[in-house]
Amino acid sequence: MSSKVIVTQSGIKSESMVSASYALEAYKDVYVFPEAYDSKFKGNNKLIKEGANIITNMEDLVDN
């Protein structure tokens, strides 16, 4: 089982972004909830653009 980093809410300049960015650089699985309505959490969408996986339901987290 691989380790996973899950980001629920992240601003562009936040500790969550730092941790998630390091995880992406280390080829760890990073999962985020897409954020369309609250500008405080634009970091989520930035992480998706950088290669994080999108969480839309619990099945998205289950290993295949």
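Does Tyr 27 count as buried or exposed, and at what relative accessibility? The views below come from a predicted model, and the answer is in the third one.

**View 1. The whole protein, end to end.** Start with the parts list: two helices and three strands. Walk along the chain from the N terminus and the elements come in the order β-α-β-α-β. The radius of gyration is 11 Å, close to the 11 Å that the globule rule gives for 64 residues, so the protein is as compact as a globular protein of that length. Laid along its principal axes, the C-alpha trace spans about 35 × 25 × 15 Å. Of the 64 residues, 28% are buried. The accessible surface adds up to about 4,700 Å², and carbon and sulfur atoms own 53% of that. Look at contacts with a separation of 6 or more, and 60% of them come from residues 24 or more positions apart.

**View 2. The two faces of helix α1.** This helix covers residues 15–25, and its buried residues are Met 17, Ala 20, Ala 23 and Leu 24. Sighting down the axis of α1, you find these buried residues within an arc of 130 degrees, so they line one face of the helix. As background, an α-helix has 3.6 residues a turn, so residues three or four places apart point the same way. What do the buried residues of α1 pack against? Their partners are β1 (4–7), β2 (29–32) and α2 (42–49). Flip to the other side of α1 and you meet Glu 15, Tyr 22 and Glu 25, which are exposed.

**View 3. Tyr 27, just past the helix.** Here's the residue from the opening question: Tyr 27 has 77% relative accessibility, and because the cut-off for exposed is over 50%, Tyr 27 counts as exposed. Tyr 27 sits in the loop between α1 and β2. Its backbone is worth a look too: phi of Tyr 27 is positive, near 60 degrees, in a residue other than glycine. For context, most residues other than glycine have a negative phi.

**View 4. β1 beside β2, with α1 in between along the chain.** How do β1 and β2 run, and how many bridges join them? The two strands are parallel, joined by four bridges. For one facing pair, find Val 7, which stands opposite Val 32 in β2. Put the pieces together and β1, α1 and β2 form a β-α-β unit that is right-handed. The helix in this unit is the one from View 2, whose buried residues pack against β1 and β2, among other elements.

Technical notes. Residues numbered from 1 in each chain as written. Predicted model: local features only at pLDDT ≥ 70, side-chain atom pairs only at ≥ 80, totals over all residues. Heavy atoms only, no water. Buried < 20%, exposed > 50% of the residue type's maximum accessible area, 1.4 Å probe, protein only. Arc of directions from axis to C-beta. Contact = heavy atoms within 4.5 Å. Pairing = 2+ DSSP bridges. Right-handed = clockwise from strand over helix to strand, strands pointing away. Rg over C-alpha atoms; globule rule 2.2 N^0.38 Å. Areas by Shrake-Rupley, 256 points an atom, 1.4 Å probe, with all protein chains shown as cover.
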